[in-house]
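Here is a short briefing to keep beside the viewer as you look around. It goes topic by topic, so feel free to jump to whichever part you need.

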Amino acid sequence: QVQLVESGGGLVPPGGSLRLACAASGSIARIDVMRWHRQSPGKQRGFVASITQDGNIFYSDSVKGRFTISRDGAKNTMYLQMNSLKPEDTAGYYCHVQGLTQDRTPFRSWGQGTQVTVSS
């Protein structure tokens, strides 16, 4: 069983910054890829950014140049530094992690989400 806990969401004015964190815990042998997704009311959940075990990073076009994804392998924790926030970044942000448990079973887990609201 793998658990994910997101933190760091909140209310910020346009142009502001936030740093989200996603901590994974449980029976983890290896994490292969960690991703951030987001979902606004009435819209489908969409990809924001990802980082692989060997450090490959991808961003959606809408956040490229403003958001930075990183991870601390020792802590099984992923971060999303969000700068120059816009009202359209308002959404629930969810982390998604893929890897192997200690009994060599592949896992895919979602966090419960953290709300980011960009408004003056």
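Two strands count as paired here if DSSP finds at least two bridges between them. By that rule strands E1 and E3, the latter covering residues 18-26, are an antiparallel pair with six bridges. Please keep in mind that this is a predicted model. The points below start with the sheet that holds this pair, move on to the disulfide, and then follow the strands E4, E5 and E9 with their partners.

**The open sheet**

- Four strands make up an open, antiparallel sheet, and their order is E1-E3-E8-E7.
- The edges are taken by E1 (2-7) and E7 (67-72); each has a single partner strand, so one side of each lacks a neighbour in the sheet.
- On average, neighbouring strands of this sheet are turned by 15° against each other, with direction ignored.
- Where E1 meets E3, Ser7 is found opposite Ala21.

**The disulfide**

- How many disulfides does the structure hold? There is one, formed by Cys22 and Cys95 with their sulfur atoms 2.1 Å apart.
- This pair ties together distant parts of the chain, since Cys22 belongs to strand E3 and Cys95 to strand E9 (residues 91-101), 73 residues apart.
- The S-S torsion of Cys22 and Cys95 is about 60°, so this disulfide is right-handed.
- Are the two cysteines buried or exposed? Cys22 has a relative accessible area of 0% and counts as buried; Cys95 is buried too, with a relative accessible area of 0%. The cut-off for buried is under 20%.

**Strand E5 and its two hairpins**

- Strand E5 (residues 46-52) has five buried residues out of seven, so the rest of the structure largely encloses it.
- On one hand, E5 pairs with strand E4 (residues 28-39) in the antiparallel sense through six bridges, and His37 faces Phe47 of E5 across this pairing.
- The hairpin of E4 and E5 has six residues between the strands, and Gly42 there adopts a positive phi near 80°.
- On the other hand, E5 pairs with strand E6 (residues 57-59), again antiparallel, over three bridges; here Ser50 has Phe58 of E6 as its bridge partner.
- Four residues lie between the strands in the hairpin of E5 and E6, where Gly55 takes a positive phi near 90°.
- Thr52 is part of strand E5. With a relative accessible area of 17%, Thr52 is buried, and a polar atom of its side chain lies 2.9 Å from the backbone nitrogen of Asn56.

**Strand E9 and its partners**

- All of E9 is covered: eleven of its eleven residues are buried, so this strand is largely enclosed by the rest of the structure.
- E9 runs antiparallel to E4, and ten bridges join them; one of the facing pairs is Arg35 with His96 in E9.
- With strand E10 (residues 106-110), E9 shares five bridges, also in an antiparallel arrangement. Leu100 has Pro106 of E10 as its bridge partner.
- The hairpin made by E9 and E10 has four residues between the strands, and Arg104 in the turn shows a positive phi of about 70°.
- Strand E11 (residues 114-118) is another antiparallel partner of E9, joined over three bridges, with Tyr93 opposite Thr114 of E11.

**Arginines and aromatic rings**

- Which rings does Arg45 sit over? Arg45 lies over the face of Tyr94, 3.7 Å from the ring centre, and its charged end is also over the ring of Trp110, at 4.7 Å from the centre of that ring.
- Arg38, found in strand E4, is buried with a relative accessible area of 15%. The side chains of Arg38 and Ser62 are joined by a polar contact of 3.3 Å.
- Ring-to-ring pairs need centres within 6.5 Å, and by this rule the number of aromatic pairs is zero.

Conventions
Residues numbered from 1 in each chain as written. Heavy atoms only, no water. Axes fitted to C-alpha atoms, helices over the stretch in contact; angles between N-to-C directions. Disulfide = S-S within 2.5 Å. Buried < 20%, exposed > 50% of the residue type's maximum accessible area, 1.4 Å probe, protein only. Phe/Tyr/Trp six-rings, centres within 6.5 Å; stacked < 30°, edge-to-face > 60°. Lys NZ or Arg CZ within 6 Å of the ring centre and 35° of its normal. Polar contact = N/O pair within 3.5 Å; in protein donor to acceptor, adjacent residues only side chain to side chain.
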